[in-house]
Amino acid sequence: RVQVAQHKFSPVPPALQRLTYRRLHIEGLQFGFNEKEVNRNAVYDGGDVIYLLARISGYTVRNEKAWIQGDIRVRDAARNIVLDRTNIINASLPVAGRSSVDLAARFALHSQATPGPYEVTFTLRDLFGNAKVTETKTFTVRP
């Protein structure tokens, strides 16, 4: 919560929050049907392609670019690792003056994926800033 004179901001707007980040930060992480359409319910069927949509900030910039790498680890309902993908993102991002950038990664579920809650661990590395951040999110596979 932030207060300026008589005005209180709760939640704090992302543009203001960015001023407090000292290192790489995931501002938002959502599941999607594609790179533009968010799956708010995070429910999928076996064989579906899942998009992981992230907005990041706090990255280090050199020559108007940020160098970001990202890994995804997926665990099924029984906590078995069903996907462990290193460097699913390996990008030199043109960020020229932008304080945040959107990233997307995708992976496919096996056509006979076991129904239940799945957990995705998303790890990002800022190679210019020598920083790392991890976030975990869950989705559901329908029977």
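**Exercise 1. Contacts of F122**

Leaving aside its neighbours within four places in sequence, which residues is F122 in contact with? Then place F122 in the nonpolar core.

*Solution.* The model is predicted.

Step 1. Setting aside neighbours within four places in sequence, F122 is in contact with I26, L29, L52, A54, D71, I72, I89, V133, T134 and E135.

Step 2. The largest nonpolar core has 34 residues, and F122 is listed with I56, I68, I72, L124 and F139 as touching the most other members.

Step 3. At least two residues of this core come from each of strand 3 (25-32), strand 5, strand 6, strand 7, strand 8, strand 9 and strand 10 (131-141). In soluble globular proteins, nonpolar side chains tend to be buried together.

**Exercise 2. The five-stranded sheet**

Give the strand order of the open sheet of five strands and identify the strands at its edges.

*Solution.*

Step 1. The order is 4-10-9-6-7, and the pairing is mixed.

Step 2. Strand 4 and strand 7 each have a single partner strand and stand at the edges, so each has one side without a neighbour in the sheet.

Step 3. Within the sheet, strand 6 and strand 9 run antiparallel and are joined by eight bridges. Across this pair, G70 stands opposite L124 in strand 9.

**Exercise 3. Salt bridges**

How many salt bridges does the structure hold? Describe three of them, with the accessibility of the partners where it is known.

*Solution.*

Step 1. There are five salt bridges. Side chains of opposite charge can pair when their charged atoms come close.

Step 2. One of them joins D71 to R125, with 2.6 Å between the closest N and O atoms. D71 belongs to strand 6 (residues 65-75) and R125 to strand 9 (residues 116-126), so the pair links distant parts of the chain, 54 residues apart. Both partners, D71 and R125, are buried.

Step 3. R79 and E119 meet through their side chains in another salt bridge, at 3.0 Å from N to O. Because R79 lies in the loop between strand 6 and strand 7 (81-94) and E119 in strand 9, this pair ties together parts 40 residues apart in sequence. R79 has a relative accessibility of 46% and counts as partly exposed; E119, at 22%, also counts as partly exposed.

Step 4. A further salt bridge is formed by D102 and R55, whose closest N and O atoms are 2.8 Å apart. D102 is in strand 8 (residues 100-108) and R55 in strand 5 (residues 49-57), a separation of 47 residues. R55 is partly exposed, at 35% relative accessibility.

**Exercise 4. The surroundings of W67**

Is W67 buried or partly exposed? Describe its surroundings.

*Solution.*

Step 1. W67 is found in strand 6. Its relative accessible area is 35%; buried requires under 20%, so W67 is partly exposed.

Step 2. Apart from neighbours within four places in sequence, W67 is in contact with N90, A91, S92, R125, D126, L127 and F128.

Step 3. With N90, W67 makes a polar contact between side chains, at 3.0 Å.

Step 4. L93 is 26 residues from W67 in sequence, and their C-alpha atoms are 6.1 Å apart.

**Exercise 5. Confidence**

Which elements of the protein chain have the lowest and the highest mean pLDDT?

*Solution.*

Step 1. For the protein chain, the mean pLDDT is 90, with 85% of its residues at 70 or more.

Step 2. Among the elements, helix 1 (residues 14-17) has the lowest mean, 56, and strand 4 (residues 43-44) the highest, 98.

Technical notes: Residues are numbered from 1 along each chain as its sequence is written. This is a predicted model: local features need pLDDT of at least 70, side-chain atom pairs count only at pLDDT 80 or more; totals for chains, interfaces and linings use all residues. Side-chain values use heavy atoms; hydrogens and water are left out. A salt bridge is a side-chain nitrogen of Lys or Arg within 4 Å of a carboxyl oxygen of Asp or Glu. Helices (H or I, at least four residues) and strands (E, at least two) are DSSP runs, numbered from the N terminus. Buried means under 20% relative accessible area, exposed over 50%, partly exposed in between (1.4 Å probe, protein chains only). pLDDT is the predictor's confidence in each residue, from 0 to 100. A nonpolar core is a set of buried Ala, Val, Leu, Ile, Met, Phe, Trp, Tyr and Cys residues joined through side-chain atoms within 4.5 Å. Contact means heavy atoms within 4.5 Å. A polar contact is a pair of N or O atoms within 3.5 Å; within protein, one must be able to donate a hydrogen and the other to accept it, and residues adjacent in sequence count only if both atoms are side-chain atoms. Two strands pair if DSSP finds at least two bridges between them.
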